[in-house]
Amino acid sequence: MFVGTKLLQRCLAHNTPLGCRSMHLLRDNAYINGKWIGANSKQTFPVCNPVDNSVIASVPDMNTADAQLAIDAAGKAFESFGKTTAKERSDLLRKWYNLMVEHCEDLACILTKENGKSLAESRAEIKYGNSFVEWFAEEARRIDGEVLQAPAANRELFLLRQPVGVAALITPWNFPHAMITRKAGAALAAGCTCVVKPSEDTPLTALALAALAEQAGFPAGIFNVLTTSVTNSATVGNELCENPKVRVLSFTGSTAVGKILYRQCASTMKRLGLELGGNAPYIVFKSADVDLAVNSAMASKFRNTGQTCVSANRFFVEADVFDEFVGKFVEKIKKEIQMGDGSKEGVTHGPLIKKSQLDMVNGLVKEAVEKGAKVYCGGAPLPDLGSLFYAPTVLTDVTRDAQIYNKEIFGPVAVINKFTDEEDVLKQANDTPVGLAGYFFSQDISQIFRVARKLEVGMVGVNEGLISCAEAAFGGVKESGLGREGSKHGIEDFLDIKYVCIGNLKR
């Protein structure tokens, strides 16, 4: 362990609450080919706590040359790792999972420090993220081939499923643990080696996962973590897309960036998994259990302070229950949400991740209010708490020409619209180029089946606001991406199908 890291851990220990005093998983170097190293350029960049903008650590600012080093290491490691048995890979993932469980509190503390979400939310994310490694440890042993019925008597036909090769994983800041484990768990189970490029805002969780992978006995080169600042992020991302040694790229992030990566991957015809932006409708029909709809809205809208791709974004409430829903929703927000430093007891929600995010959210709300929107609560930043805090906000009477009406907000703002007709609300819900998740509440069984089929999204929550789990296929339709993560389908992006025909057999 490095001297700088030891000093940093001792300093942090004095400022963390009981249960978070151990920061021994904190690393301030990248992890490539089984070694903790700095950037070739010797450059670093700071990782800051969004609560107060204090510097947690400085990590290597790696460039294209560093990325090539990681890719080469992963390529070399694949020569042997791709030949391992399913049981060997399963056992390795199980060891990694067990260590994650053992160190769940350490991981949660690091996550809260760099992301700003509350410890309760961080603990929930760690548990959720761990579940994918557990799941794919088991799925590794279920990668089966197929025996086909041959059209000729002297032939035998079968299909093999084999690992694609080096996998590049580009992950976001909003779920820095779970987005890595969901991808890496599947890739490693298949027999692929990984080059992970975490967000520049939250690289410390990724490095902590690498530390646990090292403890689990991962061979050198099969799990590599590149850290890059915003300055080098685009060029490193381009290298991961265009380097022919990388055979599959998995990305979670905005649709705009996803389209750039899609184009860059075309030159080498890579396999692609893209989990992109959403604009989730949240529909409450008059037959709904309103209390259930309100409780579920709290989790769906305000988890991670609204910074989730499956967050309820556009609320549509039927006129008969509109006033009841809005009244109960606002009352619950005021009663249950406690903004502040997520590492402190009693705090439920933290700040937004960075200034650009706060400025965007604040600008959307201001424009909506200028165009006649009604503010029930919130509607402004909370500078007394810190420069990145924004009040939980509920808006109604938002005009359709306001940007916030159909834009993914990615903040703690609920825009609630009134409707009177099922067909019309479905048109509004589907009137967007993306389709990741959607939610609706109804006690009418015929309506449940009807609406679930008509919503143009990849995932539907019926009378439920939190729907993601390792067993389910996570992904969207339209411009919300390609492929699925989690479930038995999550491993498919990392496998090639090889057809084998044995002919001229003697019978």
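A salt bridge here is a side-chain nitrogen of Lys or Arg within 4 Å of a carboxyl oxygen of Asp or Glu. With that rule, a search of the whole structure turns up 24 salt bridges. This is a predicted model, in which local features need pLDDT of at least 70 and side-chain atom pairs count only at pLDDT 80 or more, while totals for chains, interfaces and linings use all residues. Residues are numbered from 1 along each chain as its sequence is written, and side-chain values use heavy atoms, with hydrogens and water left out.

**View 1. A salt bridge joins helices α3 and α5.** Take a look at R94 and E138, whose closest N and O atoms are 3.5 Å apart. R94 sits in helix α3 (residues 86–102) and E138 in helix α5, so named by numbering DSSP runs from the N terminus (helices are H or I, at least four residues; strands are E, at least two). The two partners are 44 residues apart and link distant parts of the chain.

**View 2. Domain 1 meets domain 2.** The protein divides into domain 1 (30–276 + 483–496) and domain 2 (281–469), with bounds from an automatic or database domain assignment. Their centres, taken over C-alpha atoms, are separated by 31 Å. At the interface, 22 residues of domain 1 are in contact (heavy atoms within 4.5 Å) with 29 residues of domain 2. Together the domains bury about 1800 Å², 56% of it on carbon and sulfur atoms; this is the accessible area (1.4 Å probe) lost on putting the two parts together, summed over both. On the domain 1 side, V51, E121 and W173 lose the most area to domain 2, together 30% of what that side buries. The rule finds one salt bridge across this interface.

**View 3. The largest pocket lies between the two domains.** A pocket is an open set of points on a 1 Å grid over the protein atoms alone, where a 1.4 Å probe fits, with protein on both sides within 12 Å along at least five of seven lines; lining residues have an atom within 4 Å of a point. This one holds about 1200 Å³ of space, the volume being that filled by probe spheres set on points joined across faces, edges and corners. Among its 50 lining residues, F251, G253, S254, T255 and V257 lie nearest the centre. Elements giving two or more residues to the lining include α6 (178–190), β10 (246–252) and α12 (355–370), while α9 makes the largest contribution, six residues. Both domains give residues to the lining, so the pocket lies between them.

**View 4. The second largest pocket also has a lining from both domains.** Here you will find about 370 Å³ of space. Of the 23 lining residues, A124, E125, Y128, R303 and L466 lie nearest the centre. Helix α5 gives the most, six residues, and β18 (437–441) supplies at least two. By class, the lining has 13 nonpolar, five polar and five charged residues, where Ala, Val, Leu, Ile, Met, Phe, Trp, Tyr, Cys and Pro count as nonpolar, Asp, Glu, Lys and Arg as charged, and the others, Gly among them, as polar.
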